[in-house]
Amino acid sequence: MNSERLIDWFQANNGTFDSSALTFTIIDGFGRSAIALRDLSEGHTLFTLPRDLTLSTRTSKLPNLVGQMEWKKRGLHSGWVGLILSMMWEEAQGSASRWRTYLESLPTSFDTPMFWSPDDLEELKGTAVVEKLGRDQAEADYREKVLPMLQARPDLFEPEELDSHYSLKNYHVMGSRILSRSFQVERWHVNDVESEFDVVSKSPGRTGSADPAMDVDEEHDTINSEGDLMEPGEAIQDDEDSDDDEEDPSDVAMVPMADMLNARYESENAKLFYEEDFLRMTVTKPISAGDQIWNTYGDLPNSELLRRYGHVDMISLPDGDLGNPADIVEVRADIVVEILRRRRENEQLGSITERVDWWLELGGEDVFVVESNGKTPSEMIAFTRLLLISDSDWEKLKLKTRLPKPKTDMDVLSLAVDVFQTRLSDYSTTVEEDKAILSSTTEDGKLSINRRHAVSVRLGEKRVLHKALQDLREKIASSSFSTTKVPKVKVQNKKRKLDEPADRKEGGVKKPVRR
Ligand SMILES: C[S@@+](CC[C@H](N)C(=O)[O-])C[C@H]1O[C@@H](n2cnc3c(N)ncnc32)[C@H](O)[C@@H]1O
(Lines give C-alpha, C1' and ligand atoms only; values in the text may rest on other atoms or scores of the structure.)
Protein backbone atom coordinates (compact mmCIF):
# COMPACT_ATOMS: atom_id res chain seq x y z
CA MET A 1 0.00 0.00 0.00
CA ASN A 2 1.29 3.48 -0.73
CA SER A 3 1.93 5.60 2.31
CA GLU A 4 -0.45 8.37 1.14
CA ARG A 5 -3.43 6.09 1.79
CA LEU A 6 -2.15 5.32 5.27
CA ILE A 7 -1.52 9.02 6.00
CA ASP A 8 -5.03 9.93 4.76
CA TRP A 9 -6.57 7.28 7.01
CA PHE A 10 -4.40 8.44 9.91
CA GLN A 11 -5.51 12.06 9.54
CA ALA A 12 -9.15 11.08 9.06
CA ASN A 13 -8.91 9.34 12.44
CA ASN A 14 -7.67 12.39 14.32
CA GLY A 15 -3.97 11.80 13.81
CA THR A 16 -1.87 14.83 12.87
CA PHE A 17 0.97 14.44 10.39
CA ASP A 18 3.48 17.13 9.40
CA SER A 19 3.78 16.39 5.70
CA SER A 20 6.19 19.31 5.29
CA ALA A 21 8.62 17.57 7.65
CA LEU A 22 8.73 13.91 6.57
CA THR A 23 7.85 11.46 3.88
CA PHE A 24 8.13 7.70 3.47
CA THR A 25 10.22 6.03 0.85
CA ILE A 26 11.41 2.48 0.19
CA ILE A 27 15.12 1.98 0.84
CA ASP A 28 16.70 -1.27 -0.28
CA GLY A 29 17.32 -3.46 2.76
CA PHE A 30 15.26 -1.25 5.10
CA GLY A 31 11.77 -1.38 3.57
CA ARG A 32 9.66 1.74 4.12
CA SER A 33 11.75 4.42 5.76
CA ALA A 34 10.97 7.91 7.08
CA ILE A 35 13.00 10.70 5.50
CA ALA A 36 13.23 14.33 6.65
CA LEU A 37 12.03 16.75 3.94
CA ARG A 38 13.73 19.71 5.60
CA ASP A 39 16.08 20.44 8.47
CA LEU A 40 14.27 19.56 11.70
CA SER A 41 15.19 20.81 15.12
CA GLU A 42 14.97 19.03 18.44
CA GLY A 43 11.44 19.07 19.86
CA HIS A 44 9.72 19.23 16.48
CA THR A 45 6.50 17.17 16.41
CA LEU A 46 6.41 14.80 13.44
CA PHE A 47 2.98 13.33 14.10
CA THR A 48 0.53 12.69 16.91
CA LEU A 49 -2.22 10.14 17.32
CA PRO A 50 -5.01 9.75 19.82
CA ARG A 51 -4.53 6.84 22.22
CA ASP A 52 -7.72 5.23 20.96
CA LEU A 53 -6.16 4.85 17.51
CA THR A 54 -3.63 2.41 18.92
CA LEU A 55 -4.76 -1.19 18.50
CA SER A 56 -4.63 -3.29 21.66
CA THR A 57 -6.91 -5.43 23.79
CA ARG A 58 -7.95 -2.16 25.44
CA THR A 59 -9.11 -0.50 22.25
CA SER A 60 -10.48 -3.43 20.21
CA LYS A 61 -14.13 -4.20 20.85
CA LEU A 62 -13.51 -7.94 20.79
CA PRO A 63 -12.66 -8.53 24.49
CA ASN A 64 -15.90 -6.81 25.50
CA LEU A 65 -17.92 -8.82 23.02
CA VAL A 66 -16.45 -12.05 24.31
CA GLY A 67 -16.99 -10.91 27.89
CA GLN A 68 -14.36 -10.18 30.45
CA MET A 69 -14.85 -13.35 32.51
CA GLU A 70 -14.83 -15.54 29.44
CA TRP A 71 -11.74 -13.78 28.04
CA LYS A 72 -9.85 -14.53 31.22
CA LYS A 73 -11.22 -18.02 31.65
CA ARG A 74 -9.86 -18.90 28.23
CA GLY A 75 -6.43 -17.48 29.04
CA LEU A 76 -6.72 -14.70 26.47
CA HIS A 77 -5.58 -12.12 29.01
CA SER A 78 -2.02 -13.40 29.24
CA GLY A 79 0.79 -13.06 26.71
CA TRP A 80 -0.03 -11.89 23.21
CA VAL A 81 -2.70 -14.40 22.35
CA GLY A 82 -5.57 -11.96 23.10
CA LEU A 83 -4.04 -9.21 20.99
CA ILE A 84 -3.36 -11.62 18.13
CA LEU A 85 -6.98 -12.80 18.22
CA SER A 86 -8.20 -9.20 18.38
CA MET A 87 -6.10 -8.30 15.33
CA MET A 88 -7.40 -11.30 13.39
CA TRP A 89 -10.96 -10.36 14.36
CA GLU A 90 -10.50 -6.70 13.42
CA GLU A 91 -9.10 -7.77 10.05
CA ALA A 92 -12.11 -10.07 9.52
CA GLN A 93 -14.48 -7.11 10.11
CA GLY A 94 -13.27 -5.51 6.86
CA SER A 95 -14.56 -1.96 6.45
CA ALA A 96 -16.43 -2.20 9.77
CA SER A 97 -13.08 -2.12 11.55
CA ARG A 98 -11.56 1.22 12.34
CA TRP A 99 -8.11 -0.25 11.65
CA ARG A 100 -8.81 -1.78 8.25
CA THR A 101 -6.49 0.53 6.28
CA TYR A 102 -3.80 0.24 8.91
CA LEU A 103 -3.96 -3.57 8.99
CA GLU A 104 -3.84 -3.67 5.19
CA SER A 105 -0.66 -1.59 5.30
CA LEU A 106 1.23 -4.09 7.47
CA PRO A 107 3.68 -6.67 6.10
CA THR A 108 2.53 -10.22 5.47
CA SER A 109 5.97 -11.79 5.12
CA PHE A 110 8.99 -11.55 7.38
CA ASP A 111 12.72 -12.22 7.31
CA THR A 112 12.66 -13.48 10.91
CA PRO A 113 13.98 -17.00 11.64
CA MET A 114 10.46 -18.05 12.68
CA PHE A 115 9.83 -18.46 8.94
CA TRP A 116 13.20 -19.94 7.93
CA SER A 117 13.81 -23.35 6.40
CA PRO A 118 15.63 -25.98 8.52
CA ASP A 119 18.75 -25.45 6.38
CA ASP A 120 18.79 -21.73 7.09
CA LEU A 121 18.15 -22.35 10.79
CA GLU A 122 21.16 -24.67 10.85
CA GLU A 123 23.29 -21.62 10.05
CA LEU A 124 22.29 -20.23 13.45
CA LYS A 125 23.70 -23.23 15.32
CA GLY A 126 25.40 -22.09 18.52
CA THR A 127 23.56 -18.77 18.70
CA ALA A 128 20.88 -17.87 21.23
CA VAL A 129 18.26 -17.43 18.51
CA VAL A 130 16.91 -20.86 17.68
CA GLU A 131 15.73 -21.93 21.12
CA LYS A 132 13.93 -18.64 21.59
CA LEU A 133 11.76 -18.77 18.51
CA GLY A 134 8.79 -20.05 20.50
CA ARG A 135 7.06 -21.56 17.49
CA ASP A 136 5.82 -24.59 19.45
CA GLN A 137 4.47 -22.43 22.27
CA ALA A 138 2.70 -20.16 19.78
CA GLU A 139 1.12 -23.16 18.06
CA ALA A 140 0.05 -24.64 21.40
CA ASP A 141 -1.64 -21.32 22.29
CA TYR A 142 -3.40 -21.33 18.96
CA ARG A 143 -4.64 -24.90 19.44
CA GLU A 144 -5.50 -24.63 23.12
CA LYS A 145 -6.81 -21.09 23.43
CA VAL A 146 -7.71 -19.67 20.04
CA LEU A 147 -9.38 -22.63 18.32
CA PRO A 148 -11.73 -23.44 21.23
CA MET A 149 -12.68 -19.74 21.42
CA LEU A 150 -13.40 -19.62 17.70
CA GLN A 151 -15.55 -22.73 17.91
CA ALA A 152 -17.45 -21.53 20.96
CA ARG A 153 -18.58 -18.25 19.39
CA PRO A 154 -19.58 -18.73 15.73
CA ASP A 155 -21.62 -15.53 16.13
CA LEU A 156 -18.35 -13.59 16.51
CA PHE A 157 -16.00 -15.70 14.41
CA GLU A 158 -17.53 -16.71 11.06
CA PRO A 159 -16.88 -20.47 10.64
CA GLU A 160 -16.10 -19.98 6.92
CA GLU A 161 -13.27 -17.61 7.89
CA LEU A 162 -11.45 -20.19 10.01
CA ASP A 163 -9.13 -21.05 7.13
CA SER A 164 -8.46 -17.45 6.17
CA HIS A 165 -8.53 -14.73 8.82
CA TYR A 166 -8.29 -17.20 11.72
CA SER A 167 -5.76 -19.66 10.28
CA LEU A 168 -2.59 -20.70 12.08
CA LYS A 169 -0.64 -18.98 9.31
CA ASN A 170 -2.41 -15.69 10.02
CA TYR A 171 -1.84 -16.24 13.74
CA HIS A 172 1.93 -16.31 13.05
CA VAL A 173 1.68 -13.26 10.79
CA MET A 174 -0.11 -11.24 13.50
CA GLY A 175 2.35 -12.51 16.13
CA SER A 176 5.27 -11.39 13.98
CA ARG A 177 3.67 -7.99 13.41
CA ILE A 178 3.45 -7.56 17.17
CA LEU A 179 7.00 -8.80 17.66
CA SER A 180 8.46 -6.36 15.16
CA ARG A 181 6.18 -3.34 15.48
CA SER A 182 4.39 -3.12 18.84
CA PHE A 183 5.01 -0.61 21.62
CA GLN A 184 4.32 -0.66 25.33
CA VAL A 185 1.63 1.94 25.90
CA GLU A 186 0.84 2.34 29.55
CA ARG A 187 -2.50 3.49 30.84
CA TRP A 188 -2.66 7.09 31.89
CA HIS A 189 -5.49 7.11 34.46
CA VAL A 190 -6.48 4.28 36.71
CA ASN A 191 -10.07 5.53 36.36
CA ASP A 192 -9.94 4.59 32.70
CA VAL A 193 -11.61 1.34 33.69
CA GLU A 194 -14.91 3.05 33.08
CA SER A 195 -14.14 3.97 29.52
CA GLU A 196 -11.76 1.19 28.56
CA PHE A 197 -12.00 -2.54 28.91
CA ASP A 198 -9.07 -3.66 31.01
CA VAL A 199 -8.81 -7.30 31.93
CA VAL A 200 -6.04 -6.74 34.45
CA SER A 201 -7.88 -4.08 36.36
CA LYS A 202 -10.45 -6.61 37.45
CA SER A 203 -7.95 -9.21 38.58
CA PRO A 204 -7.86 -10.08 42.27
CA GLY A 205 -5.14 -8.39 44.26
CA ARG A 206 -4.89 -5.24 42.22
CA THR A 207 -5.55 -2.29 44.47
CA GLY A 208 -6.64 0.05 41.74
CA SER A 209 -5.53 3.03 43.78
CA ALA A 210 -2.21 4.24 42.47
CA ASP A 211 -1.49 3.41 38.88
CA PRO A 212 2.25 4.14 38.62
CA ALA A 213 1.69 5.40 35.09
CA MET A 214 0.31 8.54 36.69
CA ASP A 215 3.77 9.28 38.03
CA VAL A 216 4.52 11.95 35.46
CA ASP A 217 5.92 15.41 35.32
CA GLU A 218 4.06 18.53 34.33
CA GLU A 219 5.14 18.25 30.74
CA HIS A 220 3.31 14.95 30.53
CA ASP A 221 6.37 12.83 29.98
CA THR A 222 6.78 9.54 31.76
CA ILE A 223 9.75 9.66 34.09
CA ASN A 224 11.60 6.70 35.49
CA SER A 225 13.20 6.52 38.89
CA GLU A 226 16.48 8.03 37.68
CA GLY A 227 14.57 10.99 36.30
CA ASP A 228 15.32 10.03 32.67
CA LEU A 229 12.65 9.89 30.05
CA MET A 230 11.42 6.37 29.67
CA GLU A 231 11.66 4.30 26.54
CA PRO A 232 8.29 3.60 24.99
CA GLY A 233 8.82 -0.05 25.92
CA GLU A 234 9.95 0.66 29.45
CA ALA A 235 6.65 -0.02 31.11
CA ILE A 236 6.00 0.61 34.75
CA GLN A 237 4.46 -2.52 36.22
CA ASP A 238 0.87 -1.86 37.14
CA ASP A 239 -0.25 -5.22 38.44
CA GLU A 240 0.95 -5.59 41.99
CA ASP A 241 0.44 -9.31 42.02
CA SER A 242 2.57 -10.17 39.09
CA ASP A 243 6.24 -11.05 38.71
CA ASP A 244 8.48 -8.01 38.35
CA ASP A 245 9.55 -9.17 34.90
CA GLU A 246 6.02 -9.54 33.62
CA GLU A 247 4.53 -6.66 31.72
CA ASP A 248 0.83 -6.02 31.46
CA PRO A 249 -0.25 -7.66 28.16
CA SER A 250 -2.93 -5.01 27.65
CA ASP A 251 -0.14 -2.40 27.46
CA VAL A 252 1.12 -4.05 24.27
CA ALA A 253 -0.23 -1.96 21.42
CA MET A 254 0.12 -1.54 17.70
CA VAL A 255 0.80 2.14 17.09
CA PRO A 256 -0.02 3.25 13.53
CA MET A 257 2.58 5.56 11.93
CA ALA A 258 5.02 5.22 14.85
CA ASP A 259 5.79 1.72 13.58
CA MET A 260 6.91 3.12 10.22
CA LEU A 261 10.26 4.23 11.63
CA ASN A 262 13.36 2.11 11.31
CA ALA A 263 16.12 1.95 13.93
CA ARG A 264 19.90 1.58 13.91
CA TYR A 265 22.45 1.31 16.72
CA GLU A 266 22.80 4.67 18.52
CA SER A 267 21.12 6.52 15.65
CA GLU A 268 17.87 7.48 17.38
CA ASN A 269 16.75 10.99 16.45
CA ALA A 270 13.01 10.69 17.13
CA LYS A 271 11.03 9.13 19.91
CA LEU A 272 7.45 8.43 20.90
CA PHE A 273 6.25 10.28 23.98
CA TYR A 274 3.12 9.62 25.95
CA GLU A 275 0.65 12.33 26.79
CA GLU A 276 -2.69 12.05 28.44
CA ASP A 277 -4.80 11.51 25.36
CA PHE A 278 -2.20 11.47 22.61
CA LEU A 279 1.06 9.85 21.63
CA ARG A 280 3.55 12.21 20.04
CA MET A 281 6.52 11.39 17.81
CA THR A 282 9.08 14.07 18.55
CA VAL A 283 12.50 14.86 17.08
CA THR A 284 15.12 14.26 19.80
CA LYS A 285 18.21 15.37 17.84
CA PRO A 286 18.54 17.81 14.95
CA ILE A 287 17.91 16.05 11.60
CA SER A 288 19.15 17.36 8.26
CA ALA A 289 16.96 17.38 5.16
CA GLY A 290 17.29 14.05 3.35
CA ASP A 291 18.42 12.12 6.44
CA GLN A 292 16.57 9.10 7.74
CA ILE A 293 14.39 9.55 10.82
CA TRP A 294 15.27 6.79 13.27
CA ASN A 295 13.42 5.51 16.28
CA THR A 296 15.13 3.15 18.73
CA TYR A 297 14.44 -0.53 19.29
CA GLY A 298 16.70 -0.41 22.34
CA ASP A 299 20.10 -0.96 20.64
CA LEU A 300 19.71 -4.72 20.74
CA PRO A 301 22.33 -7.34 19.90
CA ASN A 302 22.08 -8.81 16.42
CA SER A 303 20.65 -12.08 17.76
CA GLU A 304 17.64 -10.19 19.14
CA LEU A 305 17.33 -7.87 16.14
CA LEU A 306 17.20 -10.89 13.88
CA ARG A 307 14.76 -12.82 16.04
CA ARG A 308 12.34 -9.94 16.51
CA TYR A 309 12.80 -7.74 13.43
CA GLY A 310 14.51 -9.88 10.80
CA HIS A 311 17.51 -7.63 10.27
CA VAL A 312 20.97 -7.07 11.79
CA ASP A 313 22.96 -3.91 12.45
CA MET A 314 26.36 -3.92 10.78
CA ILE A 315 28.20 -0.70 11.52
CA SER A 316 31.91 0.16 11.69
CA LEU A 317 33.64 -1.23 14.76
CA PRO A 318 36.80 0.30 16.26
CA ASP A 319 38.95 -2.45 14.64
CA GLY A 320 37.60 -1.55 11.18
CA ASP A 321 35.35 -4.59 10.85
CA LEU A 322 31.59 -4.37 10.53
CA GLY A 323 29.42 -5.57 13.40
CA ASN A 324 27.03 -4.59 16.15
CA PRO A 325 28.68 -2.99 19.23
CA ALA A 326 25.70 -4.19 21.31
CA ASP A 327 26.36 -7.87 20.62
CA ILE A 328 26.37 -10.24 23.57
CA VAL A 329 26.77 -13.94 24.05
CA GLU A 330 24.77 -16.20 26.32
CA VAL A 331 26.54 -18.95 28.23
CA ARG A 332 24.44 -21.58 29.93
CA ALA A 333 25.37 -22.44 33.49
CA ASP A 334 25.24 -26.11 32.64
CA ILE A 335 28.42 -25.76 30.54
CA VAL A 336 30.29 -24.89 33.74
CA VAL A 337 28.79 -27.96 35.43
CA GLU A 338 29.62 -30.21 32.47
CA ILE A 339 33.25 -29.11 32.41
CA LEU A 340 33.65 -29.67 36.10
CA ARG A 341 32.12 -33.12 35.83
CA ARG A 342 34.56 -33.93 33.02
CA ARG A 343 37.49 -32.68 35.06
CA ARG A 344 36.48 -34.67 38.11
CA GLU A 345 35.64 -37.92 36.42
CA ASN A 346 36.61 -40.13 39.32
CA GLU A 347 35.34 -38.04 42.17
CA GLN A 348 32.10 -38.06 44.12
CA LEU A 349 29.94 -35.43 42.45
CA GLY A 350 26.86 -35.55 44.66
CA SER A 351 27.53 -32.16 46.17
CA ILE A 352 27.70 -30.47 42.74
CA THR A 353 24.05 -31.22 42.12
CA GLU A 354 23.26 -30.05 45.62
CA ARG A 355 25.20 -26.81 45.03
CA VAL A 356 23.45 -26.15 41.72
CA ASP A 357 20.04 -26.72 43.31
CA TRP A 358 20.96 -24.35 46.14
CA TRP A 359 22.09 -21.70 43.61
CA LEU A 360 18.85 -21.93 41.66
CA GLU A 361 16.81 -22.01 44.85
CA LEU A 362 18.35 -18.69 45.87
CA GLY A 363 17.50 -17.22 42.49
CA GLY A 364 20.93 -17.55 40.84
CA GLU A 365 20.99 -17.22 37.05
CA ASP A 366 21.12 -20.29 34.82
CA VAL A 367 22.26 -18.35 31.77
CA PHE A 368 25.10 -15.86 31.98
CA VAL A 369 25.26 -12.95 29.58
CA VAL A 370 28.70 -11.82 28.43
CA GLU A 371 28.47 -8.21 27.28
CA SER A 372 30.39 -6.79 24.33
CA ASN A 373 33.22 -5.62 26.63
CA GLY A 374 34.12 -9.28 27.14
CA LYS A 375 34.12 -9.12 30.93
CA THR A 376 33.27 -12.43 32.55
CA PRO A 377 29.86 -11.90 34.20
CA SER A 378 30.05 -11.64 37.98
CA GLU A 379 27.22 -14.21 38.26
CA MET A 380 29.30 -16.71 36.31
CA ILE A 381 32.32 -16.11 38.55
CA ALA A 382 30.19 -16.59 41.67
CA PHE A 383 28.64 -19.76 40.26
CA THR A 384 32.02 -21.18 39.24
CA ARG A 385 33.42 -20.41 42.65
CA LEU A 386 30.48 -22.11 44.30
CA LEU A 387 31.24 -25.29 42.37
CA LEU A 388 34.96 -25.10 43.16
CA ILE A 389 34.98 -24.46 46.89
CA SER A 390 35.93 -27.32 49.18
CA ASP A 391 33.31 -29.57 50.75
CA SER A 392 33.95 -28.03 54.16
CA ASP A 393 33.46 -24.48 52.79
CA TRP A 394 30.33 -25.68 51.04
CA GLU A 395 28.96 -27.08 54.30
CA LYS A 396 29.37 -23.61 55.85
CA LEU A 397 28.08 -21.71 52.84
CA LYS A 398 24.92 -23.71 52.39
CA LEU A 399 23.66 -22.57 55.77
CA LYS A 400 23.59 -19.04 54.42
CA THR A 401 20.95 -17.51 52.23
CA ARG A 402 23.27 -15.38 50.16
CA LEU A 403 25.06 -16.27 46.96
CA PRO A 404 28.87 -16.46 47.24
CA LYS A 405 30.94 -13.36 46.43
CA PRO A 406 32.21 -13.27 42.85
CA LYS A 407 35.91 -13.32 43.71
CA THR A 408 38.33 -14.72 41.20
CA ASP A 409 41.35 -16.96 41.66
CA MET A 410 43.40 -19.07 39.27
CA ASP A 411 40.98 -22.02 39.43
CA VAL A 412 37.99 -19.86 38.64
CA LEU A 413 39.79 -18.14 35.77
CA SER A 414 41.06 -21.33 34.22
CA LEU A 415 37.60 -22.93 34.42
CA ALA A 416 36.11 -19.81 32.81
CA VAL A 417 38.63 -20.16 29.96
CA ASP A 418 37.44 -23.74 29.42
CA VAL A 419 33.82 -22.60 29.52
CA PHE A 420 34.29 -19.95 26.84
CA GLN A 421 36.32 -22.32 24.66
CA THR A 422 33.61 -24.97 24.98
CA ARG A 423 31.00 -22.35 24.15
CA LEU A 424 32.99 -21.44 21.02
CA SER A 425 32.90 -25.06 19.91
CA ASP A 426 29.07 -24.85 19.73
CA TYR A 427 29.47 -23.01 16.42
CA SER A 428 30.37 -25.02 13.37
CA THR A 429 32.60 -22.30 11.87
CA THR A 430 35.43 -20.04 13.01
CA VAL A 431 35.61 -16.24 12.97
CA GLU A 432 37.86 -16.35 9.91
CA GLU A 433 35.47 -18.65 8.05
CA ASP A 434 32.53 -16.38 8.87
CA LYS A 435 34.41 -13.31 7.69
CA ALA A 436 35.28 -15.11 4.47
CA ILE A 437 31.62 -16.08 3.95
CA LEU A 438 30.47 -12.50 4.48
CA SER A 439 32.93 -11.16 1.96
CA SER A 440 32.21 -13.92 -0.55
CA THR A 441 29.41 -14.23 -3.05
CA THR A 442 27.65 -17.36 -4.25
CA GLU A 443 27.55 -18.47 -7.91
CA ASP A 444 24.63 -16.19 -8.66
CA GLY A 445 26.56 -13.32 -7.15
CA LYS A 446 24.61 -13.00 -3.94
CA LEU A 447 24.75 -14.41 -0.46
CA SER A 448 21.19 -15.21 0.62
CA ILE A 449 19.83 -12.68 3.08
CA ASN A 450 19.07 -15.33 5.72
CA ARG A 451 22.57 -16.76 5.51
CA ARG A 452 24.15 -13.32 5.67
CA HIS A 453 22.09 -12.49 8.75
CA ALA A 454 22.87 -15.83 10.43
CA VAL A 455 26.60 -15.49 9.78
CA SER A 456 26.56 -11.90 11.11
CA VAL A 457 24.86 -13.04 14.32
CA ARG A 458 27.23 -15.91 15.01
CA LEU A 459 30.29 -13.86 14.08
CA GLY A 460 29.25 -11.16 16.56
CA GLU A 461 28.81 -13.71 19.34
CA LYS A 462 32.20 -15.28 18.61
CA ARG A 463 33.87 -11.86 18.71
CA VAL A 464 32.52 -11.37 22.23
CA LEU A 465 33.75 -14.82 23.28
CA HIS A 466 37.24 -14.14 21.90
CA LYS A 467 37.32 -10.84 23.73
CA ALA A 468 36.28 -12.61 26.92
CA LEU A 469 39.06 -15.19 26.46
CA GLN A 470 41.62 -12.48 25.84
CA ASP A 471 40.51 -10.66 28.99
CA LEU A 472 40.84 -13.84 31.06
CA ARG A 473 44.26 -14.68 29.64
CA GLU A 474 45.49 -11.18 30.45
CA LYS A 475 44.21 -11.57 34.00
CA ILE A 476 45.92 -14.94 34.35
CA ALA A 477 49.16 -13.57 32.91
CA SER A 478 49.17 -10.56 35.19
CA SER A 479 48.27 -12.73 38.19
CA SER A 480 46.39 -9.77 39.57
CA PHE A 481 43.36 -11.93 40.07
CA SER A 482 43.93 -12.62 43.73
CA THR A 483 42.65 -9.18 44.63
CA THR A 484 40.16 -8.85 41.79
CA LYS A 485 36.67 -8.16 42.99
CA VAL A 486 33.70 -7.81 40.73
CA PRO A 487 30.35 -6.23 41.48
CA LYS A 488 27.96 -8.01 43.80
CA VAL A 489 25.73 -10.67 42.31
CA LYS A 490 22.14 -9.56 42.07
CA VAL A 491 19.69 -12.06 43.52
CA GLN A 492 16.64 -12.65 41.37
CA ASN A 493 13.41 -13.65 43.04
CA LYS A 494 12.61 -16.27 40.57
CA LYS A 495 13.62 -19.80 39.91
CA ARG A 496 14.43 -21.27 36.56
CA LYS A 497 15.66 -24.70 35.69
CA LEU A 498 18.91 -25.27 33.92
CA ASP A 499 17.23 -26.79 30.91
CA GLU A 500 14.80 -23.95 30.27
CA PRO A 501 15.68 -21.19 27.79
CA ALA A 502 16.03 -17.78 29.41
CA ASP A 503 13.33 -16.19 27.33
CA ARG A 504 10.40 -17.50 25.34
CA LYS A 505 8.66 -15.57 22.66
CA GLU A 506 5.73 -15.27 20.32
CA GLY A 507 2.38 -16.26 21.76
CA GLY A 508 3.11 -17.27 25.33
CA VAL A 509 5.56 -14.49 25.74
CA LYS A 510 7.21 -13.68 29.01
CA LYS A 511 8.26 -10.24 27.89
CA PRO A 512 6.51 -8.28 25.20
CA VAL A 513 8.79 -6.53 22.81
CA ARG A 514 10.66 -3.54 24.18
CA ARG A 515 10.94 -0.56 21.89
C1 LIG B 1 8.84 -0.99 12.93
S2 LIG B 1 9.09 -1.57 11.33
C3 LIG B 1 9.76 -0.17 10.51
C4 LIG B 1 9.11 0.10 9.18
C5 LIG B 1 9.40 -0.90 8.12
N6 LIG B 1 10.66 -0.60 7.44
C7 LIG B 1 8.28 -1.00 7.10
O8 LIG B 1 8.58 -1.16 5.92
O9 LIG B 1 7.12 -0.99 7.48
C10 LIG B 1 10.43 -2.64 11.65
C11 LIG B 1 10.96 -3.33 10.44
O12 LIG B 1 11.71 -2.42 9.64
C13 LIG B 1 12.90 -3.03 9.13
N14 LIG B 1 14.06 -2.32 9.70
C15 LIG B 1 14.05 -1.46 10.73
N16 LIG B 1 15.29 -1.00 10.98
C17 LIG B 1 16.11 -1.60 10.09
C18 LIG B 1 17.51 -1.57 9.84
N19 LIG B 1 18.35 -0.84 10.59
N20 LIG B 1 18.00 -2.35 8.85
C21 LIG B 1 17.19 -3.11 8.11
N22 LIG B 1 15.86 -3.19 8.29
C23 LIG B 1 15.32 -2.45 9.27
C24 LIG B 1 12.84 -4.48 9.59
O25 LIG B 1 12.24 -5.22 8.57
C26 LIG B 1 11.93 -4.43 10.79
O27 LIG B 1 11.23 -5.64 11.03
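Which residues touch the most other members of the largest nonpolar core? Select Ile84, Leu85 and Ile293, which hold that position among the 75 residues of this core. A nonpolar core is here a set of buried Ala, Val, Leu, Ile, Met, Phe, Trp, Tyr and Cys residues joined through C-beta atoms within 7 Å. A residue is buried if 20 or more other C-beta atoms lie within 10 Å of its own, exposed if 12 or fewer, and partly exposed in between, with C-beta atoms placed from the backbone.

The structure is a predicted model, in which local features need pLDDT of at least 70 and side-chain atom pairs count only at pLDDT 80 or more, while totals for chains, interfaces and linings use all residues. Residues are numbered from 1 along each chain as its sequence is written.

**The cores**

Select α4 (81-92) next; this helix gives the core seven residues, its largest share. Helices (H or I, at least four residues) and strands (E, at least two) are DSSP runs, numbered from the N terminus. Then centre on Ile293. Leaving aside neighbours within four places in sequence, Ile293 is in contact (C-beta atoms, placed from the backbone, within 7 Å) with Leu22, Ala34, Ile35, Ala36, Leu46, Leu261, Asn269, Ala270 and Ile287. Apart from the largest core lies another, of 26 residues, including Val331, Ala333, Leu387 and Leu403.

**Helix α7**

Select residues 135-152, the 18 residues of α7. The helix reaches 25 Å from its first C-alpha to its last, close to the 26 Å expected, where the expected span is 1.5 Å times one less than the number of residues. Stop at Tyr142, the centre of a kink of about 30°; the bend at a residue is the angle between axes fitted to the seven residues ending there and the seven starting there. Tyr142 is also one of the buried residues of α7, together with Ala138, Asp141, Lys145, Val146, Met149 and Leu150. Show α4 and α8 (168-181) as well, since the buried residues of α7 pack against both.

**The ligand shell**

Move to the ligand, which has 17 residues around it, each with its C-beta atom, placed from the backbone, within 6 Å. Gly31, Arg32, Asn262, Tyr309 and His311 come nearest. Two or more residues of the shell come from each of β3 (31-36), α8 and β7 (262-263), and β3 gives the largest share, three residues.

**Helix α9**

Tyr309 also belongs to the buried residues of α9. Is this helix enclosed or open? Eight of the eight residues of α9 (302-309) are buried, so the helix is largely enclosed by the rest of the structure. Its cover includes α8 and α16 (449-478). Just after α9, select Gly310, which takes a positive phi of about 80°.

**Loop residues**

Asp299 lies in the loop between β10 (294-295) and α9 and has a positive phi of about 45° although it is not a glycine. Asp299 counts as partly exposed because it has 17 C-beta neighbours inside 10 Å.

Met257, in the loop between β6 and β7, is likewise not a glycine and has a positive phi of about 75°. Met257 counts as buried because it has 25 C-beta neighbours inside 10 Å.

Finish at Val185, in the loop between β5 (182-184) and β6 (252-254). Val185 is buried, with 25 other C-beta atoms within 10 Å. Beyond four places in sequence, Val185 is in contact with Thr54, Ser56, Asp251, Ala253 and Val255.

Methods: Two residues are in contact if their C-beta atoms, placed from the backbone, lie within 7 Å.
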